[in-house]
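Hi,

Here is the structure I promised to pass on to you. Have a look at it first, and then read my notes below.

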Amino acid sequence: MREEFVNFPVQSGNSRFAVSLAGISYCDESYSIRRDKSKLLVAEYIVRGEGTILLEGRSYHAEENDVYILPAGHDHLYYSDRENPWEKMWVNVAGTLPDSLLREYNPGNMVVFPDAGGREYFEKIHAIGKNGLYSGGEKHNKAALVFHELLQYLYGKYYEREAFSCRETVILKEYLENHIQQNVTLKELSELVFLSESQIVRIFKRDTGKTPHEYCLELKMEYGKRLLKNTRLMVREISEYLGFCDEHYFSYLFKQKTGNTPLTYRAAPEGGVPGRG
């Protein structure tokens with residue numbers, strides 16, 4: 001594991017925009033970063049390799065040529081793949097401006113921008129930090145402009161050019177939610193929005209962080225919870241209602257997703273469920 005840091009001067013009086021730190025990480029299988037209620041916004045470009053990001057209970061995959069952005073004020077957890085670890089360029093920023101820009105230029109709250117490119121923006125920020133001709137204030141101000149350009153670039157790539165994709169995702173989500181008793185196929189979804197199956201998976205995962213299949217299973221498990229708590233239906237009947245051909249498979253998935261068997265979940269008092277195990 002090796003890291004190269006680009007140090008920006010501390011700007012104690014700058015509450016608008018300040019680069020806390022920037023650099024390049026050559027990760028190994030042990031690489032893992034965790035921040036509780038991070039005070040920093042983190043933006044990273046993946047040069048090569050792959051890894052996982054966890055944010056707000058959702059898991060995201062980031063690989064070569066992706067950009068990911070983690071907003072301040074949230075718990076951050078991200079780690080490298082053991083077999084194919086990341087090499088990545090990154091910048092950590094603080095202040096009121098980054099949050100405002102992110103709200104403006106990321107209306108869909110995307111975390112991973114797949115195949116985004118944009119390495120040059122990270123290189124520009126690093127070059128600013130290394131330039132000895134700039135004062136500390138100039139470095140932060142120039143970096144703020146490049147950060148703004150990065151978000152404008154991502155907005156143009158994912159919201160202006162492909163704004164239709166967000167509408168398609170809304171249609172697909174509503175269809176899955178309204179057909180929770182069925183096992184909807186990619187072919188059905190493809191015919192619904194006139195896109196190929198591979199396009200559907202890419203767009204849906206880009207906008208939601210999940211594949212249509214993963215999203216459908218999540219819906220079924222959540223509805224299964226409601227049925228367990230609010231009806232007297234047997235587990236077998238709930239399994240059949242949700243389109244599972246085997247109650248044992250439903251029970252297996254339920255425990256995998258919730259940490260409890262259906263019967264244990266049903267028996268738990270309102271407001272709490274037994275611990276995992």
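Let's start with L154, which touches V67, I69, F113, A116 and Y159, leaving aside residues up to four places away in sequence. Keep in mind as you look around that this is a predicted model.

Why begin there? In the largest nonpolar core, which has 35 residues, I69 and L154 are the ones that touch the most other members. Several elements supply at least two residues each to this core: the strands β2 (18-26), β4 (41-48), β7 (67-70) and β9 (87-94), plus the helices α1 (96-105), α2 (119-130) and α3 (136-160). Which of them gives the most? That's α3, with 9 residues. Another core lies apart from this one; it has 26 residues, including V184, L189, I203 and L253.

Now for the sheets. One is an open sheet of 6 strands, and you can trace them in the order β1-β2-β9-β4-β7-β10, with antiparallel pairing. At its edges you'll find β1 (2-6) and β10 (112-113); each has a single partner strand, so one side of each has no neighbour in the sheet. If you want to follow one pairing by eye, try β1 with β2: they are antiparallel over 5 bridges, and R2 stands opposite Y26 in β2.

Two helices go with this sheet. α1 packs on it and touches β4, β7 and β9, and its direction makes about 65 degrees with that of β4. α2 lies across β1, β2, β4, β7 and β9, and runs at about 65 degrees to β9.

There's also an open sheet of 4 strands, again with antiparallel pairing, in the order β3-β8-β5-β6. Its edge strands are β3 (32-35) and β6 (58-63), each of which pairs on one side only. From one strand to the next, the twist averages 15 degrees. Within this sheet, β5 (residues 50-55) pairs with β6 over 6 bridges, in the antiparallel sense, and L54 stands opposite S59 in β6.

One last stop: R206, in helix α6 (residues 197-208). Is R206 buried or exposed? It counts as buried, because its relative accessibility is 6% and the cut-off for buried is under 20%. The R206 side chain also makes a polar contact, at 2.9 Å, with the side chain of D207.

Have fun exploring!

Methods
Residues numbered from 1 in each chain as written. Predicted model: local features only at pLDDT ≥ 70, side-chain atom pairs only at ≥ 80, totals over all residues. Heavy atoms only, no water. Pairing = 2+ DSSP bridges. Axes fitted to C-alpha atoms, helices over the stretch in contact; angles between N-to-C directions. Buried < 20%, exposed > 50% of the residue type's maximum accessible area, 1.4 Å probe, protein only. Polar contact = N/O pair within 3.5 Å; in protein donor to acceptor, adjacent residues only side chain to side chain. Core = buried A, V, L, I, M, F, W, Y, C linked by side-chain atoms within 4.5 Å. Contact = heavy atoms within 4.5 Å.
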